[in-house]
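Colleague: I'm new to this, so can I ask how the labels get decided? Show me the thing and I'll start.

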Amino acid sequence: IGYSASFVEWFSEEAKRGYGDIVPSPIPGLRALVMKQPVGVVSIITPYNFPNAMITRKVGAALAAGCTVVVRPAFETPLSALALCELAERAGIPPGVINVVTCSAKNTPAVGLEMTTNPEVRKVSFTGSTAVGKLLMGQASTTMKRVSMELGGNAPFIVFEDADIQRAAESLLQCKFRNAGQTCVSANRIYVHDAVYDEFVGAFTALVKEKLRIGHGLSEGTTIGPMITKRGLDKVEEQVQLAVAAGATVVLGGKRPEAVPGKGYFFEPTVLVDVLDAVPMTCEETFGPLCPIYRFTSEDEVIRRANATSVGLAGYFFSRDVARVFRVAEALEVGMVAANTGAIGSDAVPFGGVKESGMGREGSRYGMDDYLNIKLINLSVL
């Protein structure tokens, strides 16, 4: 909720900074003015995993630019969107500026089609899977709408031999198991240098045992909850089974817990070691509490393996070598890099990816750009 509110505050301040330009004209007697105008009505389609912030990060930028919005929240989490709409009304946002359309899973494709093809809509902003993003982008192309796509990730998390092992382990705990691993910037492939592999696995496994307690979110002592869908739970379970069949070893977790207070799609926080590249979790985003740890022996090798994916949202690495920090940060094919930290997002920094992780940036001073059209006014003064 705090993260959600931060985007409203940030973009309320950025609304005053939609600057234009005066461009010196090479033609005597002409003045070239460049102004920015709102694109118009924006369709906003959001996922379940951050049901407030995924909306405010988009709506805040759209309102700051002068656009009206129609929000279609995930069918799993409609109440957050309706609450935000109510709060916007109490805050004085005029009727019709923020609109919410909820729908069932069955009607989601039809509603999405309308939101991407209706000629009154001039931009589509979507956060979700790469497969769905491609579908929506194709639909939006029929009327040449602007699109912002924040799509799936497959984040590498690299621990070099000169890393602060304890700090790396603590950071991995944060960015892997937050929201039970159901975030697009979760560490998905953990590469650890062979020289510190056993040390890192020991430190990380000890933290998981100490810090993580499965349970209902309102139960005292709970630090990790369930997955939101049975489909997601089944996927994690299948990925573990396939990795083990290929030679990986489960050192912690690996199954559904036998007894958890309350009902839900729970899966134990799981650590796998000696994972091979030729398993599905290497090329597929897991989106669950599953942590596969791979070995590597050189910087060139791990960069090649980290980049061997069609997506590029976030990447993490740990090293005390300043020169290596710059080399690796520049070499990783991702939109966001975290060096020696597991934290990557805030209202003040640009959020988004490259390759099939999408296009456009959210948050930061760049966040309004996709909601503004640039217009040239060529004025004769003669």
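Modeller: Let's begin with Asn179, which is partly exposed because its relative accessible area is 33%. This is a predicted model, where local features need pLDDT of at least 70, side-chain atom pairs count only at pLDDT 80 or more, and totals for chains, interfaces and linings use all residues. Residues are numbered from 1 along each chain as its sequence is written, and side-chain values use heavy atoms, with hydrogens and water left out.

Colleague: What makes 33% "partly exposed" for Asn179?

Modeller: Buried means under 20% relative accessible area and exposed means over 50%, with partly exposed in between (1.4 Å probe, protein chains only). Asn179 has 33%, so it gets the middle label.

Colleague: And what is notable about the phi of Asn179?

Modeller: Phi is near 55 degrees there, a positive value in a residue other than glycine. Most residues other than glycine have a negative phi. Asn179 is in the loop between helix 6 (165-177) and strand 9 (187-193); helices (H or I, at least four residues) and strands (E, at least two) are DSSP runs, numbered from the N terminus.

Colleague: Why is the pair Lys134 and Glu356 called a salt bridge?

Modeller: The term asks for a side-chain nitrogen of Lys or Arg within 4 Å of a carboxyl oxygen of Asp or Glu. For Lys134 and Glu356 the N to O distance is 2.9 Å, so the pair qualifies. Lys134 lies in helix 5 (residues 130-140) and Glu356 in the loop between strand 16 and strand 17 (358-359), so the pair ties together parts that are 222 residues apart in sequence.

Colleague: How do you know that Asp164 and Arg320 form one too?

Modeller: Their closest N and O atoms are 3.8 Å apart, so they also pass the 4 Å cut-off. Arg320 counts as exposed because its relative accessibility is 58%, while Asp164 counts as partly exposed at 31%.

Colleague: Is Glu14 buried or exposed?

Modeller: Buried: its relative accessible area is 9%, so Glu14 is under the 20% limit. Glu14 also forms a salt bridge with Arg17, with the closest N and O atoms 3.1 Å apart.

Colleague: How many salt bridges does the structure hold?

Modeller: It holds 22. Glu161, Asp162, Glu299, Arg324 and Arg327 are linked in a network of them.
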